[in-house]
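Got your viewer open? Load the model, show it as a cartoon, and keep the selection box handy.

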Amino acid sequence: MVQAVLEPRQRALQLNWEKTINRNNILRMDGGIKMSKGMILKLEPYLSQKIWGWEKWVLSCHEDGKSTIKEGIYKGKELSEILGCGNNFPILNKIIKAEDTLSVQVHPNDDYAKRVENSNGKTECWYILEAKEGATLVSGIKKGLNKEKLRQIIKEGKLEEYLERIYIKSGDFIYIPAGTVHAIEAGVKLIEVQQNSNITYRLHDWGRGREVHIEKSLDVIDYEGKNKGGRIADFVKLETPYFKVEKVIVKSNYIDIVNENFHSYTVISGEGVIEANKKQMNLKEEETIYISKGTEYNLKGNMRLLKSSL
């Protein structure tokens, strides 16, 4: 398990968000929607088509694409409206399908993103759902580089020679902290859990003509690998300053209670149900649910899920 301590600024943001959710889980002020602490919502993703494939934003309150409620009395409403949090939700979860290779890119940390973009930084992680035979990902750059050396390499058109690639298969888990150069390559489908941010700096885009952000990228790259990104062997749980991610295997029953501000699950494989408050909701592959604080629940069936929380 990888674990880190909350930075003061990030903890302050989390506390502000907690106050919003705690208040709004009791009563929405605009529109008078009654809320309970036993709330389970199945989410409809926001679909974002890309030149290389697609993204489904399965848990999102981000202004660029918001999840809605799939069924029940709140059907069709945005999750952010139900929670009363606006765009201010701490994480953003996606399912990403890469039919072609994504750009070689990097994301800033909180300090840089706040100063330059007035946004959150972006640390993320990937659970591999599908990978073609021999599939690879870019995760990092060769050792011994610095800002000036990498700038010259890019000018000479040799960046591809200095990328670190790793072979992947279904079930692998990859941690991509802010500052890590990375790219999802063709033939891969994955679940991504990330900070609530849409800031991406492209270093290289394989000749597709989209804008690149060389100087900003060079500013934020973790040249020495201090943030320790890469594959996590035998993944069970990851704890970062921004979110927790856990693989949950249900063979018959899995009982839990939301002591944090929420739990969210995306079904990796299989199917089953979730029971809470004498109600039952069916779950199948790639569906995502949100469970509010204070809810005791029981997952039943035969399925694997990815759980995210704070």
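Here is a tour in a few stops, from the core outwards to some single residues. Keep in mind that this is a predicted model.

**Stop one: the main core.** Select Leu41, Leu79, Phe89 and Tyr290. These four touch the most other members of the largest nonpolar core, which has 34 residues. Now colour the elements that give two or more residues to this core: the strands are S1 (40-44), S3 (53-59), S7 (91-98), S9 (124-131), S12 (173-176), S14 (188-195) and S20 (262-276), and helix H2 (79-83) joins them. In soluble globular proteins, nonpolar side chains tend to be buried together.

Zoom in on Leu79. Leaving aside neighbours within four places in sequence, which residues does Leu79 contact? Show Leu41, Leu43, Leu59, Cys61, Ser67, Thr68, Ile69 and Tyr290 as sticks, and you have the set.

There is also a second, separate core of 20 residues; pick Tyr112, Ala183, Leu203 and Leu218, which are among them.

**Stop two: the cysteines.** How many disulfides does a search of the whole structure find? Zero. Select Cys85 and Cys61 and draw a distance between their sulfurs: Cys61 has the cysteine sulfur nearest to that of Cys85, 3.8 Å away, and Cys85 is in no disulfide. The cut-off for a disulfide is 2.5 Å between the sulfur atoms. Cys85 is buried, at 7% relative accessible area. Jump to Cys125 as well, which is buried at 1%.

**Stop three: the open sheet.** Hide the side chains and colour seven strands in the order S2-S3-S7-S14-S9-S12-S16; they form an open sheet with antiparallel pairing. Look at the edges, where S2 (46-50) and S16 (230-231) each have a single partner strand, so one side of each has no neighbour in the sheet. Further in, S9 and S12 run antiparallel and are joined by four bridges. To find your place there, select Trp126, which stands opposite Ile174 in S12.

Stay with the sheet and pick Gln195 in strand S14. Is Gln195 buried or exposed? Buried, with a relative accessible area of 3%. Add Asp110 as sticks: its side chain makes a polar contact with the side chain of Gln195, at 3.0 Å.

**Stop four: helix H4.** Select residues 147-155 and look down the axis. Leu150, Arg151, Ile153 and Ile154 are buried. Seen this way, the buried residues of H4 fall within an arc of 160°, so they line one face of the helix. Turn to the other side of H4 and you meet Glu148 and Lys155, both exposed. What do the buried residues of H4 pack against? Show strand S10 (136-141), strand S15 (201-204) and helix H5 (214-220).

Next, check the two ends. At the start of H4, a side-chain oxygen of Asn146 comes to within 3.2 Å of the backbone nitrogen of Glu148. After H4 comes Gly157, which has a positive phi, near 70°.

**Last stop: a loop threonine.** Centre on Thr295, in the loop between strand S22 (288-292) and strand S23 (296-309). Despite the loop setting, Thr295 counts as buried, at 1% relative accessibility. Finish by showing the backbone of Ser292: its oxygen lies 2.8 Å from a polar atom of the Thr295 side chain.

Methods. Residues numbered from 1 in each chain as written. Predicted model: local features only at pLDDT ≥ 70, side-chain atom pairs only at ≥ 80, totals over all residues. Heavy atoms only, no water. Core = buried A, V, L, I, M, F, W, Y, C linked by side-chain atoms within 4.5 Å. Buried < 20%, exposed > 50% of the residue type's maximum accessible area, 1.4 Å probe, protein only. Contact = heavy atoms within 4.5 Å. Arc of directions from axis to C-beta. Polar contact = N/O pair within 3.5 Å; in protein donor to acceptor, adjacent residues only side chain to side chain. Pairing = 2+ DSSP bridges.
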